[in-house]
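Dear colleague,

I am handing over the structure that follows, and I would be glad if you could look through it alongside the notes underneath.

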Amino acid sequence: IIDLVGVLWRGETPVTGIVQFFEMLQNKGINFVMATNFCTKTADMYQEKLAVVGVEVDAVRILTVAEATAGYLRDRYPAGTPIYVMGSQGLRDAHRAEGFEIVSMEQVKEGAAAEIVVGGLHFDFTYDSLAMGAVLIERGAQFVVTDLDSTHPTEAGILPGGGAIFSIIITTTDVTPVSIGKPGPILFH
């Protein structure tokens with residue numbers, strides 16, 4: 001199992017030797033899968049990103065935590081379950097593809113309910129988006145996050161990760177979320 005973000009590249013910069021590494025895996029017949037806690041891209045988007053640097057892999061070898069989170073919830077909740085997503089369009093799309101009804105921040109402000117609050121790192125958090133998640137959790141919604149990584153590695157250095165951001169809701173609600181991503185076991189299963 002190979003991590004992507006922070007291991008194969010930082011930000012948009014691939015590590016030295018990435019092409020040779022994958023050639024070695026293929027030449028030796030070593031089976032592998034890539035898994036990432038970064039939830040803003042789909043497997044197809046990662047496949048394209050790898051192809052740009054000269055690495056050709058099937059998208060089925062790439063597991064994103066967005067897809068794993070949606071799959072985890074699909075196994076536990078019926079299609080049509082209303083959920084509130086604090087995350088990127090990719091995270092919303094993964095859940096919409098599994099049949100969940102996405103409840104918007106505006107709908108929550110108007111009193112709409114959601115059975116699940118799903119969180120994943122993205123770069124457009126607002127106070128209101130986090131506050132509405134906390135409101136729903138206080139009303140009894142389940143709290144699930146893609147991961148609790150406290151950091152996000154980039155070319156500029158280490159930035160706050162989803163775990164750092166969601167600590168605001170954890171502190172506010174005193175509810176610890178189910179975390180799907182690494183290093184926990186759910187993503188690996």
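The notes below cover the two largest pockets and then one helix pair.

This is a predicted model, in which local features need pLDDT of at least 70 and side-chain atom pairs count only at pLDDT 80 or more, while totals for chains, interfaces and linings use all residues. Residues are numbered from 1 along each chain as its sequence is written, and side-chain values use heavy atoms, with hydrogens and water left out.

A pocket here is an open set of points on a 1 Å grid over the protein atoms alone, where a 1.4 Å probe fits and protein lies on both sides within 12 Å along at least five of seven lines, and its lining residues have an atom within 4 Å of a point. The largest pocket has a volume (the space filled by probe spheres set on the points) of about 260 Å³. Of its 18 lining residues, V85, M86, G87, R92 and H122 are the closest to the centre. Strand β6 (82–86; strands are DSSP E runs of at least two residues, helices H or I runs of at least four) gives the most to this lining, with three residues.

The second largest pocket, of about 200 Å³, is lined by 15 residues, with V5, N37, D149, T151 and P153 nearest its centre; strand β10 (residues 151–154) contributes the most, three residues.

Finally, the axes (lines fitted to C-alpha atoms over the stretch in contact, with angles from 0 to 180 degrees between N-to-C directions) of helix α6 (residues 127–138) and helix α7 (residues 162–173) come within 10 Å and cross at roughly 35°. In contact terms (heavy atoms within 4.5 Å), L130, A134, I137 and E138 in α6 meet residues of α7 including I165, F166 and I169.

Best regards
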